[in-house]
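Let's take a walk through this protein together, one stop at a time. Keep the picture beside you and find each spot as it comes up.

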Amino acid sequence: MTGNHKDKSITRRRALAVTGGTVAAGGLAVAGYQAAFADTATTTAEEATTASASASESSGCMTLMSSVTEGPYYLDGALVRKDITEGKSGVQLTLRLTVVDATDGCTPVKGAAVEIWHCDAWGYYSGYTTANPGGSAPAESEDGSTADDDTYLRGYQIANADGVVKFETIFPGWYTPRTCHIHLKVHTGGQKEDGTYEGGKVNYTGQLFFDDTIAEEIFTLEPYSKHSGSYTTLDDDMVYDGGGASSGLLTLEAVHKKDPSKGYRGFLTVAVDPDAENTGAGSGGGGGTPPGDAPSGAPSGTPSASASS
């Protein structure tokens, strides 16, 4: 696939990332990495090498990224669960994030609720399954899964004592004019109630990104390959600002190097100020929702009746 080379005066507008308040713990990369993958029976030499390389980049905390828009596809009431796929097909992605407190020496934020949501392999979001993802793709209803059209690929996880949350999901697809990404919010001060997370406040709203080479390889596989069109690369994306891990770019490791269809593991350390608040919604939440963030034909921020009930 080729990148969508848009007018730089538009794609490089950084009004989307105007609010600070999050940092990455570079010096804690090894600890965060080991904690994030603590449920793995053995740590491979490759993992250890990656962790050491990450740790050597910096010591102490450094600015990670500014909060950005939550986008047009956010829905309240996501379920607390580790596996958010609901049978949606795609390349497996095990996502592990470590949340730390930037105001307290980057100590783990036990109990932080990390919420993520993203599109399926063809670019459709739950709650907005009739929105056109751009290019040419089958209707969302043709995927053959038993997924709930109002809840798939959305969920919360509560950080453990090491500040770690873990999700089982699929590699996201893409929609025009955005690059491949995952949305996330970090909440503190609330509690699990009726299967979701209630109360507290949103400390951080951001997005996670994927290396173009890996993404474009994934998109040649089924079911992604059924969505054809012009994929937007990181360089041309309207939200990603080119800062690598400091801008939300995930570190990805193939489960099997020679066979990307076997899946990936991704990780990132995200530090927040538990006293800060940033929902990412509207002009007061980190840049608002950009007009171009919604695919053509997308509803104007209004989910389906069942999703909003």
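Start at Pro-177, which sits in the loop between strand S7 (164-170) and S8. The bond joining Thr-176 to this proline is a cis peptide bond, with omega at about 5°. Another one turns up further along: going from Glu-222 to Pro-223, the peptide bond is cis too, and omega is near 0°. You'll find Pro-223 in the loop between helix H4 (212-218) and S10. Why stop for these? Because most residues other than glycine have a negative phi, and most peptide bonds are trans.

The phi angle gives us two further stops. Glu-86 isn't a glycine, yet its phi is positive, near 55°; look for it in the loop between S2 and S3. Leu-153 has a positive phi of about 60° and isn't a glycine either. Its home is the loop between S5 and S6. Is Leu-153 buried or exposed? Buried means under 20% relative accessible area, and Leu-153 has 0%, so it counts as buried.

Time to zoom out. This is a predicted model, and it has five helices and 11 strands. Of the 309 residues, 52% are buried. Now take the contacts with a separation of 6 or more: residues 24 or more positions apart account for 82% of them. As for the outside, the protein exposes about 12300 Å², and carbon and sulfur atoms supply 49% of that.

Pro-138 lets you see a long-range meeting for yourself. This proline is in the loop between S5 and S6, and with 17% relative accessibility it counts as buried. His-227 is 89 residues away from Pro-138 in sequence, but their C-alpha atoms are 7.2 Å apart in space. Leaving out residues up to four places away in sequence, Pro-138 touches Trp-122, Tyr-124 and Lys-226.

Next come the charges. Side chains of opposite charge can pair when their charged atoms come close. How many salt bridges does a search of the whole structure find? It finds seven. One of them pairs Lys-185 with Glu-70, whose closest N and O atoms are 2.9 Å apart. Lys-185 belongs to strand S8, while Glu-70 is in the loop between strand S2 (61-63) and strand S3 (92-101), so the pair ties together parts that are 115 residues apart in sequence. Both of these residues, Lys-185 and Glu-70, are buried.

Another bridge joins Asp-143 and Lys-88, with 2.5 Å between the closest N and O atoms. This pair also links distant parts of the chain, since Asp-143 is in the loop between strand S5 (113-117) and strand S6 (154-158), and Lys-88, 55 residues apart from it, is in the loop between S2 and S3. Lys-88 is buried, at 6% relative accessible area. These two have company: Lys-88, Asp-120, Glu-140 and Asp-143 are linked in a network of salt bridges.

Arg-265 and Glu-253 also meet in a salt bridge, 3.7 Å from N to O. Here Arg-265 is in strand S11 (residues 264-272) and Glu-253 in strand S10 (residues 251-254), so the bridge ties together parts 12 residues apart in sequence. Both residues, Arg-265 and Glu-253, are buried.

Finish on the surface. Asp-76, Glu-193, Asp-194 and Glu-198 gather there in a patch of negative charge. Asp-194 is in the loop between strand S8 (181-193) and strand S9 (196-209), and its relative accessible area of 75% makes it exposed.

Terms used: Residues numbered from 1 in each chain as written. Predicted model: local features only at pLDDT ≥ 70, side-chain atom pairs only at ≥ 80, totals over all residues. Heavy atoms only, no water. Helix = DSSP H or I, 4+ residues; strand = E, 2+ residues; numbered from the N terminus. Buried < 20%, exposed > 50% of the residue type's maximum accessible area, 1.4 Å probe, protein only. Contact = heavy atoms within 4.5 Å. Areas by Shrake-Rupley, 256 points an atom, 1.4 Å probe, with all protein chains shown as cover. Patch = residues over 30% accessible without salt bridge, like charges linked within 9 Å, V, L, I, M, F, W, Y side chains within 5 Å. Salt bridge = Lys/Arg side-chain N within 4 Å of Asp/Glu carboxyl O. Lys, Arg positive; Asp, Glu negative; His and termini not counted. Charge placed at Lys NZ, Arg CZ, Asp CG, Glu CD.
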